[in-house]
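Hi,

Here is the structure I promised to pass on to you. Have a look at it first, and then read on for what turned up.

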Amino acid sequence: MKIQGKMFMWLSVFVLVMAVVYGFWSKEPAGTTALFLAFGLCIMIGFYLGFTAKRVDVGAQDNKEADVADDAGEVGFFSPHSWQPLSLAIGGALAFLSIAIGWWLMYFSLPIILIGVWGWVFEYYRGENQTQ
């Protein structure tokens with residue numbers, strides 16, 4: 001994880017330089033803003049990966065003498081299925097549709113979004129997926 005943090009930090013330096021050059025050269029505010037926001041995202045991801053790398057065990061990717069087989073094994077836990085993203089997608093679609101049709105549609109989309117978020121957060125606390 002340490003190498004990924006360094007990669008994002010170097011990428012953020014590159015994006016910052018390109019944002020400054022693009023801003024002076026083009027005088028276009030939308031692209032310049034997007035590049036500065038990309039710089040901020042790269043900094044956040046790089047800082048998170050570097051911060052996390054100090055607190056977890058050294059992975060095989062950080063060892064220059066490691067083989068591919070050294071990183072084999074369980075990667076993590078992934079949900080096998082979930083209906084909650086569908087609920088959030090429908091609620092989000094209705095919320096964005098309310099911008100075009102009318103703000104009254106937001107009254108119908110907000111409960112759907114809240115039900116989807118509630119269900120996603122507490123997905124493993126009830127039903128067949130309940131853990132100990």
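Lys54 sits in the loop that runs between α2 (29-53) and α3 (84-101). This is a predicted model, so please read everything below in that light. With a relative accessibility of 69%, Lys54 counts as exposed, because the cut-off for that class is over 50%. Lys54 also belongs to a positive surface patch, together with Lys2, Lys6, Arg55 and Lys64.

There is a nonpolar patch on the surface as well. Its members are Trp10, Leu11, Val13, Phe14, Val17, Met18, Val21 and Trp25, and together they have about 890 Å² of accessible area. Trp25 is part of helix α1 (residues 2-26), and at 76% relative accessibility Trp25 counts as exposed.

You may like to set this beside the database record. An unreviewed UniProt entry lists residues 7-25, 31-51 and 88-121 under "transmembrane region". In the model, residues 7-25 are 100% helix and 0% strand, with 27 Å between the end C-alpha atoms. For residues 88-121 the figures are 88% helix and 0% strand, and the end C-alpha atoms lie 12 Å apart.

One more residue for your tour: Ile90, in helix α3. Its relative accessible area is 44%, so Ile90 is partly exposed. How far from Asp67 is Ile90 in space, C-alpha to C-alpha? The distance is 45 Å, for a separation of 23 residues in sequence.

Happy to talk it through whenever suits you.

Best wishes

Key
Residues numbered from 1 in each chain as written. Predicted model: local features only at pLDDT ≥ 70, side-chain atom pairs only at ≥ 80, totals over all residues. Heavy atoms only, no water. Patch = residues over 30% accessible without salt bridge, like charges linked within 9 Å, V, L, I, M, F, W, Y side chains within 5 Å. Areas by Shrake-Rupley, 256 points an atom, 1.4 Å probe, with all protein chains shown as cover. Salt bridge = Lys/Arg side-chain N within 4 Å of Asp/Glu carboxyl O. Lys, Arg positive; Asp, Glu negative; His and termini not counted. Charge placed at Lys NZ, Arg CZ, Asp CG, Glu CD. Helix = DSSP H or I, 4+ residues; strand = E, 2+ residues; numbered from the N terminus. Buried < 20%, exposed > 50% of the residue type's maximum accessible area, 1.4 Å probe, protein only. UniProt positions renumbered as here; feature names shortened; annotations may be inferred.
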